[in-house]
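Open the model in your viewer and keep the selection tool at hand. We will go from stop to stop, picking a few residues each time.

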Amino acid sequence: MFLGTFTPKLDEKGRLILPAKFRDEFSDGLVITRGQEHCLYVFSEAEFTRMHDRLREAPITSKQGRDYLRVFLSGAHAETPDKQGRVMVPATLRNYAGLDRDLAVIGAGSRAEIWDAAAWQRYLDEQESAFAEIEEEVIPGMF
């Protein structure tokens, strides 16, 4: 499970050093793709395969399903970390997420997310008050 927030930097070649706590999960390979809210999702290869299998269950007649699958998969890049735990973040994905040098890499349970550090702080500032004021059950069975 991916937990926590880390603040690595992109190097001049567009590489990211993965947080040490995430490296074992990603050691056999990972997939980076477009996420929602203009961040990047990072899945282990095994989790990406499970996700893909679930996405394939959407009926081909569903335009929303087709659209999501196209955007999600067309941005996907398989990577293998090097011995220092570095992975290349492709330029197309860096542009999509507006990544500059300073990053926030967060644990989001079954995946990690890569955010531009300033974008993550804006998102967090916007969401914290809404998080504190939730009055109804958002996830069935929770709270």
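Start by selecting Asp 11 and Arg 15: their side chains make a polar contact at 2.7 Å. A polar contact here is a pair of N or O atoms within 3.5 Å; within protein, one must be able to donate a hydrogen and the other to accept it, and residues adjacent in sequence count only if both atoms are side-chain atoms. Before moving on, note that this is a predicted model, in which local features need pLDDT of at least 70 and side-chain atom pairs count only at pLDDT 80 or more, while totals for chains, interfaces and linings use all residues. Residues are numbered from 1 along each chain as its sequence is written, and side-chain values use heavy atoms, with hydrogens and water left out.

Stay with Asp 11 and add Lys 13, whose backbone nitrogen the Asp 11 side chain reaches at 2.9 Å. Asp 11 sits in the loop between β1 and β2 (15-17); helices (H or I, at least four residues) and strands (E, at least two) are DSSP runs, numbered from the N terminus. Is Asp 11 buried or exposed? Its relative accessibility is 19%, so Asp 11 counts as buried, given that buried means under 20% relative accessible area, exposed over 50%, and partly exposed in between (1.4 Å probe, protein chains only).

Next, select strand β7, residues 103-107. Four of its five residues are buried. Strand β1 (residues 5-6) pairs with β7 in the antiparallel sense over two bridges, and Phe 6 has Val 105 as its bridge partner in β7. Two strands pair if DSSP finds at least two bridges between them.

Now add strand β8 (residues 112-116), which pairs with β7 in the antiparallel sense over five bridges. To see one of these partners, pick Ala 104 and Trp 115 in β8. Four residues lie between the strands of this hairpin, where Gly 109 takes a positive phi near 80°.

From here, turn to the second largest pocket. Which elements give two or more residues to the lining of the second largest pocket? Its lining includes Gln 36, Cys 39, Ile 106, Arg 111, Glu 113, Trp 115 and Tyr 123, and the elements that give two or more residues are β7, β8 and α5 (117-132). The pocket has a volume of about 270 Å³. By class, the lining has seven nonpolar, two polar and three charged residues. For the terms: on a 1 Å grid over the protein atoms alone, a pocket is an open set of points where a 1.4 Å probe fits, with protein on both sides within 12 Å along at least five of seven lines, and lining residues have an atom within 4 Å of a point. Grid points are joined across faces, edges and corners, and a volume is the space filled by probe spheres set on the points. Ala, Val, Leu, Ile, Met, Phe, Trp, Tyr, Cys and Pro count as nonpolar, Asp, Glu, Lys and Arg as charged, and the others, Gly among them, as polar.

Keep two lining residues selected: Arg 111 and Glu 113 form a salt bridge, with the closest N and O atoms 2.7 Å apart. Glu 113 counts as buried at 8% relative accessibility. A salt bridge is a side-chain nitrogen of Lys or Arg within 4 Å of a carboxyl oxygen of Asp or Glu, and a search of the whole structure finds nine.

For the last stop, select Arg 54 and Glu 47, whose side chains meet in a salt bridge (3.7 Å, N to O). Arg 54 is partly exposed at 46% relative accessibility, whereas Glu 47 is buried at 12%.
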